[in-house]
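Please read the following walk through a protein and its RNA partner with the coordinates open beside the text. The route starts at a single side chain, passes through the strands, and ends at the nucleic acid.

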Amino acid sequence: MIGKGLAYVDDQSAEQIASQKGAPGTPGNNSPFRERTAEENLRLFEEMKAGQCQEGERVLRAKIDMTHDNMLMRDPVIYRVKYVEHHRTGNDWVIYPMYDFAHGQSDSIERISHSLCSLEFENHRPLYNWFIQALDIYPSEQTEFARLNLNYTIMSKRKLLRLVEEGVVDGWDDPRMPTISGLRRRGYTPESIRVFADRVGVAKRNNTIDVSLLEWSLRDDLNRRAPRVMAVLNPIRLVVLNYPEGQTEMLTTVNNPEDEAAGAREIPFGRELWMEADDFRVDVNKKWFRLAPGRTVRLKSAYIVEYADHIEDEHGNVTEVHVNYIPNSRSGQDTSGVKPKGTLHWVAADQAEDAEVRLYDRLFREASPEADGDFMDALNPNSLEILKGCKVEPSLAHAQVGTVFQFTRLGYFTLDSKYSTPGSPVFNRAVTLKDGWKG
RNA sequence: UCCCCGAUGGUGUAAUGGUAACACACCGGUUUUUGGUGCCGUUUUUCCAGGUUCGAGUCCUGGUCGGGGAACCA
């Protein structure tokens with residue numbers, strides 16, 4: 001390009017070059033070094049390359065048009081000197097190309113026919129083409145499309161970096177991050193992400209996709225594939241008064257009602273169980289299907305139980321619920337004729353495994369965190385809730401990283417690849433189940 | 001001020017110039033031993049003004065609104 005008179009070395013400072021640039025609507029002025037001969041330019045460029053120039057002392061510029069309507073075409077910088085160590089060439093090479101100069105060439109070298117990028121590079125396309133023509137190389141073609149934006153989060157790598165650097169999140173793979181590693185740790189399957197991408201489509205206008213579409217994609221995939229298990233996140237005691245003390249029995253339950261091939265497994269039942277604190281309330285209305293004084297519910301895959309009594313601590317918190325079970329109401333062999341409205345999940349107290357469970361919520365309170373002011377101000381302070389002392393069914397002792405379970409009535413959960421250790425499992429909630437209850 | 005791009009329900013995405021549709025969301029009903037799933041249904045859409053045409057979301061002109069555009073950043 002220097003030989004063709006399409007590039008020249010400029011000795012001016014960055015400030016001087018900027019002041020000659022003009023403005024949108026106002027043409028720029030030529031550099032006083034613009035008309036150097038090819039020989040001189042070549043010699044000076046060799047000096048830059050040989051490390052004989054200070055940083056900022058000289059740059060190589062494309063000779064295009066300082067009055068061009070597109071600011072990017074006003075003699076953009078091609079190479080500048082930087083004395084930084086490169087991870088491959090070490091300190092041997094001290095001139096670094098600008099993005100616009102390198103972009104088309106890297107595409108061209110790889111014989112990329114269609115180079116796709118995001119909308120903000122539309123203004124760069126004329127320059128991309130100009131370089132390819134000036135260098136007379138394989139003509140890759142740049143086409144711009146809209147970036148996929150999601151509400152209640154941010155997608156910019158530079159902004160995400162701030163969350164990592166300022167310790168707001170656990171790292172790039174924090175399960176709240178909209179990164180591949182984050183989604184993976186969260187429990188998102190590759191299939192669900194592909195379906196999501198298909199549903200979103202591609203276009204050239206700015207968009208903001210509703211996160212609920214992402215969540216739906218995961219639920220849709222996992223509903224068909226995830227084994228169901230029982231886990232109690234906020235356990236309180238559930239005592240079956242009329243069940244013989246010391247007795248236990250094994251009950252059969254299907255692994256996935258959506259997939260017969262998934263088979264069945266056995267779960268232990270006994271007199272002392274754990275139930276979800278949220279599933280009992282003292283004062284209720286007719287919309288309440290769960291346990292309460294006077295109410296009857298089905299214990300999932302087990303028996304129908306009727307309320308008998310409950311115990312509260314000094315703060316009025318319910319710590320224990322007592323019920324009586326209906327012996328001939330056993331799941332699959334129910335001859336009781338009783339039709340309770342609600343079904344509760346539970347875990348046998350003496351055989352439950354302890355686990356930590358991490359509940360994730362959206363990272364930001366605002367649908368558009370960048371809308372007004374600093375996105376850091378829009379952070380959701382409750383995006384992570386850590387629950388300890390959760391009770392999970394015995395089969396979960398053998399859970400593997402990578403498999404996603406449905407905790408019955410709660411949502412989809414997977415073992416955390418970072419904090420989980422043998423003997424003290426940590427589960428991440430990938431997504432909740434859709435909750436139709438409007439209590 | 002100038003240049004580039006865009007505009008279809010709440011959110012996205014479709015529709016050789018020929019009946020505007022699909023998904024998510026929302027709301028309602030139904031089924032259900034997960035208030036999950038499934039099934040059925042309601043509501044809601046072509047930015048504006050002209051023009052071309054038998055006929056315009058689509059083509060033309062003008063406007064409005066939105067996004068992008070000054071780095072020795074990518």
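Leaving aside neighbours within four places in sequence, His-345 is in contact with Met-230, Ala-231, Val-232, Met-275, Glu-276, Asp-279, Lys-300, Thr-408, Arg-409 and Leu-410, where contact means heavy atoms within 4.5 Å. This is a predicted model, in which local features need pLDDT of at least 70 and side-chain atom pairs count only at pLDDT 80 or more, whereas totals for chains, interfaces and linings use all residues. Residues are numbered from 1 along each chain as its sequence is written, chains are lettered from A and ligands numbered from 1 in the order in which they are written, and side-chain values use heavy atoms, with hydrogens and water left out.

His-345 itself sits in the loop that separates β16 (342-344) from β17 (346-348); helices (H or I, at least four residues) and strands (E, at least two) are DSSP runs, numbered from the N terminus. With a relative accessible area of 1%, His-345 is buried, a class defined as under 20% relative accessible area, with exposed set at over 50% and partly exposed in between (1.4 Å probe, protein chains only). Its side chain makes a polar contact of 2.7 Å with the side chain of Glu-276, and a polar atom of the His-345 side chain also lies 3.5 Å from the backbone oxygen of Ala-231. A polar contact is a pair of N or O atoms within 3.5 Å; within protein, one must be able to donate a hydrogen and the other to accept it, and residues adjacent in sequence count only if both atoms are side-chain atoms.

Ala-231 leads on to the strands, since this residue has Val-392 in β19 as its bridge partner. Strand β8 (residues 231-232) and strand β19 (residues 384-392) run antiparallel and are joined by 2 bridges, two strands being paired if DSSP finds at least two bridges between them. Strand β18 (residues 353-360) is likewise antiparallel to β19, here with 7 bridges, and Glu-353 stands opposite Val-392.

Elsewhere, an open sheet of 4 strands follows the order β1-β2-β3-β4 with antiparallel pairing. Its edge strands, each pairing on one side only, are β1 (7-10) and β4 (95-97). Between β1 and strand β2 (residues 59-62) there are 4 bridges in the antiparallel sense, and Asp-10 stands opposite Val-59 in β2.

Two cysteines can be placed by burial: Cys-53 is buried at 0% relative accessibility, and Cys-117 is buried with a relative accessible area of 15%. The count of disulfides comes to 0, a disulfide being a pair of cysteine sulfur atoms within 2.5 Å.

Which residues come nearest to RNA strand B? Of the 60 residues around RNA strand B, these are Arg-80, Arg-158, Arg-205, Ser-331 and Gln-406, a residue being near if one of its heavy atoms lies within 4 Å. Sugar and phosphate account for 60% of the atoms of RNA strand B that come within 4 Å of the protein. On the phosphate side, an N or O atom in the side chain of Lys-21 is 3.1 Å from a phosphate oxygen. Base nitrogens of RNA strand B are also approached, at 2.9 Å by a backbone N or O atom of Gly-56 and at 2.5 Å by an N or O atom in the side chain of Gln-406. At least two residues of the surface near RNA strand B come from each of β3 (77-81), α7 (190-200) and α8 (211-225), and α8 gives the most, with 4 residues.
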